[in-house]
Amino acid sequence: MKGMSIIVKKVTQLISGIIFMYGIYIITHGHLTPGGGFAGGAIIAGAYILLILAFGSDAVNLRSKEKGSSLIESLAIFIVLLLAVFALFMGAKIFFANYLPKGQLGEIISAGAIPLYNIFIGIEVAAAIITIFLALVIFKEEAKK
Amino acid sequence: MELTLSILIGFMIIGAIFAIHAKDLLSAVITAGIVGYSLVIAFLLLKAPDLAIVQIVIETVTLVIMVAVVLDSTRDELKFKNDYKSFTNITLSIIFAAVLLFFFVQAISELNLFGEHTLRMAESYVNGAAEKTGSVNLVTGVLFDFRGYDTLGEATILFAAALGVLTILRIQAKK
Amino acid sequence: MIVFILCFILFLVGLYGLITRRNLIKIVISLSIMEFSVFLFLVLIGYIDAGVAPIVDLSLSDQIYVDPLPQAMVLTAIVIGLATTAMLLAIAIRLYRKYKTFDIREINQLRG
């Protein structure tokens, strides 16, 4: 599909960086304010989808992007599993436990391993939504030729 | 509060009925977005900000995918076939819906009134949860510490859905 | 209690659309409407009058919070709803590419 006009392209370049930063803010402050891993991951996926829609599929090499996002998604969920199994060896010896020290309430480095889980689940959700969208776009492009 | 919510849900019902009976497929998809976005306002009124953020972003992504599917295909709805099968379907479904509504009205007389929920099961989760998990956000604490297995299951389902879409939409190279 | 009954009527509207429509896209939309009504019902049950959002404020004590358990359930369910709708739409695209129609009765008769 063709891209949109030049005004849309310039505005999208400026705004998608701000949306990406907002997504990272919601993920990392997941234990202090409303949000968490799922909301932040969906927002980051929205920033990438906005870029693909504004510039058209001619300007982007879609197949390599799809390979990259599948790889990142698989790595992220593998690291979540590693963190959960690692809890079997430390502390209370329960699967998926919260084993790092819980700091003071209300600080950004607190709540044990919850911020780590938030970050990697956020990456996984973002990569999964981008992979689904890219698979649909590639299928429509291939069949048009 | 109950009046505001009733008006909002009435709005959603009207939008849903229109989306099912629309003549053009693109109008049906856009009207189905009304139900999703009104749900965001309902979540904000019911003091659930986590859910509002997730629902608005995912509803936008779903609408974009649906419009991409509909725009490249035939956009007109099929003619209403006046044959025996359609009329039996419609009559049976209305009778079934009336029976279900009757039993539902009987069943909710056992529930507490709206707004007077007693925290029977959540007592042990809410009391002292901020000290036990270390997180100020109670929903994140419940989701990642007390109920971690469910979160792991959900991440697996999303991963499996991405794999499934990749498998269904695979183009074989012609040899 | 009228809120619960209205929520169930939304579910029944989705069920009616699922049974009687023949177009695949309308079936997907009806399934999505049924899911939304269930999310709304779960969050409606957990609401307490004069409660605040479940973020603990350390300076105030004896604060009534809205029930956080249904909210955690619905958060998981929203993402799963997206996954289901995406797979249904992928199947619908594939069927359209092969049979050139979205009508389920004609696809049933063609069966190539």
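Which residues have the most contacts inside the largest nonpolar core? I started there. The model is predicted, and I kept that in mind throughout.

**Entry 1: the core**

I found that the largest nonpolar core holds 114 residues. Ala42(A), Val54(B) and Cys7(C) have the most contacts inside it. I then looked up which helix gives the most to this core. It is helix α4 of chain A, residues 114-144, with 18 residues. Domain 1 (1-86) and domain 2 (118-175) of chain B both contribute residues, so the core lies between them.

I followed Ala42(A) next. Leaving out residues up to four places away in sequence, I listed its contacts. Within chain A, Ala42(A) touches Val125(A) and Ile129(A). Across to chain B, Ala42(A) touches Val54(B), Val57(B) and Ile58(B). Val54(B) is thus on the contact list of Ala42(A), and both are among the residues with the most contacts in the core.

**Entry 2: chain A**

I checked the fold of chain A. Chain A has four helices and zero strands. Along the sequence the pattern reads α-α-α-α. Chain A has 145 residues, of which 40% count as buried. I also looked at contact range. Among contacts in chain A with a separation of 6 or more, 69% join residues 24 or more positions apart.

**Entry 3: chain B**

I noted the two domains of chain B, 1-86 and 118-175. Their C-alpha centres lie 25 Å apart.

Then I picked Ala97(B), which sits in helix α4 of chain B. Is Ala97(B) buried or partly exposed? Ala97(B) has 18 C-beta neighbours inside 10 Å, so I put it down as partly exposed; the buried class needs 20 or more. Setting aside residues up to four places away in sequence, Ala97(B) touches Leu12(C), Leu15(C) and Tyr16(C). I also took one distance. Ala97(B) and Gly128(B) are separated by 31 residues in sequence and by 44 Å in space, C-alpha to C-alpha.

**Entry 4: helix α1 of chain C**

The contacts of Ala97(B) include Leu12(C) and Tyr16(C), and both are buried residues of α1(C). I looked up the rest of the buried set. Among them are Val3(C), Phe4(C), Leu6(C), Cys7(C), Phe8(C), Leu10(C) and Phe11(C). Cys7(C) had already come up as one of the residues with the most contacts in the core.

What do the buried residues of α1(C) pack against? They pack against α1 (2-20) and α4 (84-107) of chain B, together with α2 of chain C.

I tested the helix length. At 1.5 Å a residue, the 19 residues of α1(C) should span 27 Å; the end C-alpha atoms are 27 Å apart, so the two agree.

**Entry 5: what chain C touches**

I took the side facing chain B. Here 70 residues of chain C are in contact with 72 residues of chain B. Helices α1 (2-20), α2 and α3 (68-99) of chain C each supply at least two residues to this side. The largest share, 22 residues, comes from α3(C). By class I counted 52 nonpolar, 11 polar and seven charged residues.

I took the side facing chain A as well. Seven residues of chain C are in contact with seven residues of chain A. On the chain C side, six are nonpolar, none is polar and one is charged.

**Entry 6: confidence**

I closed with the scores. The model has ipTM 0.89 and pTM 0.90. Chain C averages a pLDDT of 88, and 98% of the residues score at least 70. Among the elements of chain C, helix α2 (residues 24-45) has the highest mean pLDDT, 94. Helix α4 (residues 104-110) of chain C has the lowest, 80.

Terms used: Residues are numbered from 1 along each chain as its sequence is written. Chains are lettered from A and ligands numbered from 1 in the order in which they are written. This is a predicted model: local features need pLDDT of at least 70, side-chain atom pairs count only at pLDDT 80 or more; totals for chains, interfaces and linings use all residues. Two residues are in contact if their C-beta atoms, placed from the backbone, lie within 7 Å. Ala, Val, Leu, Ile, Met, Phe, Trp, Tyr, Cys and Pro count as nonpolar, Asp, Glu, Lys and Arg as charged, and the others, Gly among them, as polar. pLDDT is the predictor's confidence in each residue, from 0 to 100. The expected span of a helix is 1.5 Å times one less than its number of residues. A residue is buried if 20 or more other C-beta atoms lie within 10 Å of its own, exposed if 12 or fewer, and partly exposed in between; C-beta atoms are placed from the backbone. A nonpolar core is a set of buried Ala, Val, Leu, Ile, Met, Phe, Trp, Tyr and Cys residues joined through C-beta atoms within 7 Å. Domain bounds come from an automatic or database domain assignment.
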